Each structure stands twice: as C-alpha cells, then as structure tokens.
Amino acid sequence: MSVVETKGVSKTYHESTVPVHALTDVSMKLDEKEFAALVGPSGSGKSTMLNMIGGLDAPTKGSVSVGTRDLAALSVPQLVEFRLHNIGFVFQAFNLIPVLTARENVEFIMLLQKQKKRERHERAEELLQAVGIADRADHRPSQLSGGEQQRVAVARALASRPTLVLADEPTANLDSHAAENLLDIMARLNEEYGTVFLFSTHDERVIRRARRVITLHDGRIASDERHD
Amino acid sequence: MLLELAWKNMWRNPTRSLVIIAATTVGLTGGVVAAALMYGMADQMITSAIETRLSHLQIHHPDFLVEHTVDLVIPQADSIVTYADNMPEVIGVSPRVVVRGMASSAKTAGGINLLGVEPSRESTASSVPSSIVKGGFLGTRRRDHVRDPIVIGTELAEKLELQTGSKLVVTFQDAGGQITGAAFTITGLYETVSSRFDETHAYVRAATVRRLLGLSGGYHEIALRLSDASDVKLVEEKLQSRFRGIVADSWKDMAPDLRYMSEMMNSMLFIFLAVILAALAFGIVNTMLMAVLERTRELGMLLAVGMHRRLVFMMILLETLALSITGGILGMVCSGALVALLDNIGIDLSLFSKGLRVFGISEVIYPSVPVELYPMLMALVVVTALLSAIYPSIKALRLRPAAALRTAA
Ligand SMILES: Nc1ncnc2c1ncn2[C@@H]1O[C@H](COP(=O)(O)OP(=O)(O)OP(=O)(O)O)[C@@H](O)[C@H]1O
Ligand SMILES: [Mg+2]
C-alpha cells in the first residue's frame, strides 16, 4: 500500500498572459519508509509537486492521494485538518514563529492538534533531543544558527506524528556541514519513526544521501532511481 | 494561547507599537481633559447661577413671572416661609420683594432688578451677601445705618461710575402704576463670577422697597436653597400640594438653557471622542496592515502547517485589540490622574477671565468628568479596535498558503 500516489498530475498556471505548464502528466508512488529526493533544475516543478502532494494547491488535471484519501475530495477546512495530522512541512526559510522559543514552536503544532500539555512537553523534549537542540530549547529562532533553525523545523514537522514529511529545499540556506548534519538527522528519524521523507534539493551531497532520486525536467519525470 | 501569541507579536516591532499606543494614550488624555474642562465650566456655570440668581427653587404668585406687576404678591408668604424653614431638605429660605427699575447716575442709566430682602435670610439662600468686596451687606455693619442703603455689583458701579457712599437713583412703578423713584446710598459692592448678574441686580431692605411701592406687606418671591440638589422635585411637590395659589419652580424650569447645556455636554463629548478615536482608528489600521503584509510568509507557513484561517483571523484580531486596549487603558489612567490633579489645583484662566465672567464662569476652573464616562470610553475604544481590526484581519484571511510561501523565494 503506497503512502502517496499521483496519477497523471498536471499543473498549469494562468497568472500571466502565457500559461505556464509547471507539471505535465506526473505519475508516481511513494511507499512506506521511503527517503526520497526530488531533484531537477530551477523551474522544473519541484516546489509545485510538493505543494500538490501537501494539499497546498490543487492540480489542474489528475489526482493526488495520500494514504487512502483523495485530496480532491476534501474541502478547504478538511485540507487544513489533513495537513495538520498527516503531513509535516519543512520550508527553505520562515519555518518558525519568531516570537516563540524553539520548544514553543515545536509544541505549537501539537497545540493546534489539541494534544494534552503532558504529551506536548514529552514529545517536544524527545524531538528536540533527537535533533540535538535540547540545550537551546528556550532560545528564540533569531538566537539560533540557520542549521539549528532548520533542525527545529524538522522537529516541528515530526511533532504532529505525520506519515509524510515534505521538505522544500531544506538545506538551501545551509553550509555543507550543516546540510549534512540535517540530512543525518532526517535519515535517522526516517529509520526510527518510519516517517516517509520527500525533499527537494539541488545539492549533490544531499542527493547522494537519498535512497531514491526522482528527477524532474520541464515538469515531467525524467528519471526515477533507487540506490538501496 | 492565541492571546499570548498576539501579545508577543504585538511587541515584535516595539517602536511601531509604542507609537500607536502613545498616540492612543495622548489622544484619549487630551480628549478627556478637554471634556473635563468643558464639564467643569458647565458645572461652575450651573452652580454659580444657582448660588446667585436662581437658588434651587423659587416660589411666586402664578402670574408674577409673566406680568411682573407689583400687586402679584405671594398669598400666605409668612406661613410658607415658616413651613419651608421646617423642611429637612431646605437649608436656606429668603423671601424677597422684587421690582424692575432703572438705576441712574449723573453719567448713565441701566435696567436693574431691585431685590428687597431680609439681609440675614438672604445670606442663607444666596452667595451674594458673602461676595461683598467693599462695604457691607445691608446693615451687617454698623456704619451702614444710613437711610435707604443699597448694595450693587461692581460691574454696575463701574458702569455708573459710582463708589460706596455715592447716591444712586432708582425709578420704578409703584402699586398704583405711578412712576416713583428714590435715592439710595451705596453701602456695599459685591462681585460674583457673572458680570452680567452683577450689572443687573441690586439689593435693598424689603421694608424700604415696600414703603416706596406703597405695599402694606407680602413678598413676590421666596428663594429656597437645598442641601442636596436632587431633592428639588420632592420639595417642589410638597410645597405645591400644601399651598394654593402659588407656583414653585426649580432652577431647571427657570433656566432651561442651563439644563440643556448639561445635556448637550454629553453629546458634544461623545462627538469629540468619536472624532479622536476615528483618527486613531486609521493609525491602528495602518500599523496592523503593515504587520500583516510584513508577515505574509509567516502567516502562509502557519496556514500550510495546519492552522485554520479562523485562528489566524482571530490572532490578528486579538493583536489589534491588545494594541488598542493597552493604549485605551493607559489613556484612561493618564487622563484620570491628570483630571484628578487639575481638579485639585484648578486651572487658572485669569488671563481670559474678563471674557469668562460674561458667561458666568469663574477664573479658576476645576475640571471634572462624570465617572460613567470611563466605561463608555472603554466601550468606544473596544468598538474602535474591532472596527480597525476588521480590514487587516480580512487581509490575513485572504492569504493562500502556497502563494504566500512563494513570496519567500
Ligand atoms: N503561482 C505561480 N504562478 C505562476 N507561475 C508559477 C507559480 N508557481 C510556479 N510557477 C512556475 O512554474 C514553474 C515551476 O515552478 P516551481 O517553483 O515548481 O519550480 P522549482 O523546481 O521549485 O524551482 P526552484 O528550484 O527554483 O525552486 C516555474 O516556471 C514557475 O515560474
Ligand atoms: Mg522551488
């Protein structure tokens, strides 16, 4: 049973006079426990793809399902609930609420899920430990380095116990050391919790860490390779 | 949780928030203090009018205030005075013989109300006997024992160019309709806060006017002073039901302009504050709009990770409310303190006092506001805050997460 399945997904943007075909007839599956990279040149449709899977945007054609759910069948508020409980997001930047501490940022998502205080504390503690931020848990994002902020973002993404984490160029703003460190952590969490990771990247070293590499070119899948 | 987040967000740009909070504080303080000044003036105008001209209640023959003829005396005046003396609500009773006349000196002349009073009683019902600036009030001093003494206001004395000791001729119609007149000796000058009053009221002994008018007895007017102004209706009813052939009028009946003034103050104040708050609302809208636009990516992220629009809307709404209410509370505290302080020391407007005395206002104003103003003000602030919050919050509501996040790239 696949965790994500897209069937013939196309996305055309009509925002300017010339329509932009960001994705054309993309079909693919992600299985349980996968740790996959989405690569391709700038403008190839990586972000668009992640937005479709995450229910942030709807395809022009085709269907996206996560688990047993067809996203097209969900209303806007249902999509919000779906994202809250099933998907963890890590963006390139602006992942965290600047006025909250690292711990509060991780707990915030569980607060939205209406989890109990005890549970929130324990889970946040555990995840901050796992991403190596436990000693800086009470710092605000501005007091953390870029790498540390992204690690907190990964902790936040996992806090809601999602089946799938979508990360759009999570290492783009990091130096190679911090990037590798983040990938280590993501790989370890993928092993430990079995959460599926799909991340887009340009970085060769990051691509090498993926067990599956899906390459997009002009909105189509150019190759899909597994390195197990 | 949302409230805490809103509060923290408010302090993200402390300068900007403080500017708007300070604007609210200063705006409200200015508004309230100005209002307090107006209230204080109105209050003083009413109080001084009651103390000099009106007293709380006046009793007349039913036709006297219309016709002003000498024979319209109050029936059973003596028993009314005795009755009023024994009413617990009443602290002063002064019966008067009232006639309109013309006061003239060698220089000029002017219309006056000549009040014939019992000097010791007059001082219980009006503040004029205690407002003497020169001489005495009709025999309260030994050397006033001249024939036909008169006490006039400084304003009239100046106008007629007279002094204490000068002769003043007053002409009026007697009971038979004949023009008669008499020369009085000025034995005292008084000065109240109203120059208009001082120019038009002169006091003599009741017996003197009666003799000149050819009246055998009686009074035209009985002025009552109460210990508590709010008893006025009660005392009025008691007197009306007890005695026939008289009318008792409260100060509100005799001077409707003063009553409307105190009512008008409230609506003026309301309009005044509404204008200030409307101006503040634009500042708040601007600040919050900036806060929302600046945070587009962050709000997009919140929507993406699973925060409902409703919550984002609420968060912005609470942030706006927190901003305005903080300013509102500070404004009320500051204005409350300032008004209390000014009420204690008074504002000396002696620079303009010549002008003010025309309106019957004293030189030193003690600003005050009714306490009901503060809850009303708080309600106005909250309404303003809610109205100003709507537009920025709707902006936040319209954000689409994917698009908002794309602005991050
Ligand atoms: N909202 C939008 N409106 C119009 N065009 C868009 C929109 N979003 C994406 N596009 C276009 O779709 C194409 C794919 O964009 P996308 O952001 O998915 O690329 P990407 O692979 O993520 O690129 P990068 O590596 O630069 O992030 C691009 O040509 C882009 O300009
Ligand atoms: Mg992209």
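Okay, let's start with a question: which residues line the largest cavity? Before I get to that, keep in mind that this is a predicted model.

So, the cavities. The structure holds four of them at 30 Å³ or more, and the largest has about 60 Å³ of space in it. Its lining comes from chain A. From the front of the sequence we have A:Leu50, A:Asn51 and A:Leu56, then the run A:Phe89, A:Val90 and A:Phe91, and finally A:Leu166, A:Ala167 and A:Asp168. If you'd rather think in elements, the ones that give two or more residues to that lining are helix H1 (46-53), strand E6 (87-90) and strand E7 (164-168) of chain A. Which of them gives the most? That's E7(A), with three residues.

Now over to chain B. The domain assignment splits chain B into domain 1, which is 2-49 + 259-408, and domain 2, which is 62-245. The C-alpha centres of those two domains of chain B sit 51 Å apart.

Last stop, the surface of chain B. There's a nonpolar patch there of about 400 Å², and the residues making it are B:Val383, B:Leu387, B:Ile390, B:Ile394 and B:Leu397. Let's pick out B:Leu387. You'll find B:Leu387 in helix H15 of chain B, residues 373-397. Is B:Leu387 buried or exposed? The relative accessible area of B:Leu387 is 58%, over the 50% cut-off, so B:Leu387 counts as exposed.

That's my tour: a cavity lined by residues such as A:Phe89, two domains in chain B, and a nonpolar patch that includes B:Leu387. Thanks, everyone.

Definitions and conventions
Residues are numbered from 1 along each chain as its sequence is written. Chains are lettered from A and ligands numbered from 1 in the order in which they are written. This is a predicted model: local features need pLDDT of at least 70, side-chain atom pairs count only at pLDDT 80 or more; totals for chains, interfaces and linings use all residues. Side-chain values use heavy atoms; hydrogens and water are left out. Patches are made of residues with over 30% relative accessible area and no salt bridge: like charges are joined within 9 Å, nonpolar side chains (Val, Leu, Ile, Met, Phe, Trp, Tyr) within 5 Å. Accessible areas come from the Shrake-Rupley method with a 1.4 Å probe; for residues, only the protein chains shown count as cover. A salt bridge is a side-chain nitrogen of Lys or Arg within 4 Å of a carboxyl oxygen of Asp or Glu. Helices (H or I, at least four residues) and strands (E, at least two) are DSSP runs, numbered from the N terminus. Buried means under 20% relative accessible area, exposed over 50%, partly exposed in between (1.4 Å probe, protein chains only). Domain bounds come from an automatic or database domain assignment. On a 1 Å grid over the protein atoms alone, a cavity is a set of points where a 1.4 Å probe fits but cannot get out, and a pocket is an open set with protein on both sides within 12 Å along at least five of seven lines; lining residues have an atom within 4 Å of a point. Grid points are joined across faces, edges and corners, and a volume is the space filled by probe spheres set on the points.
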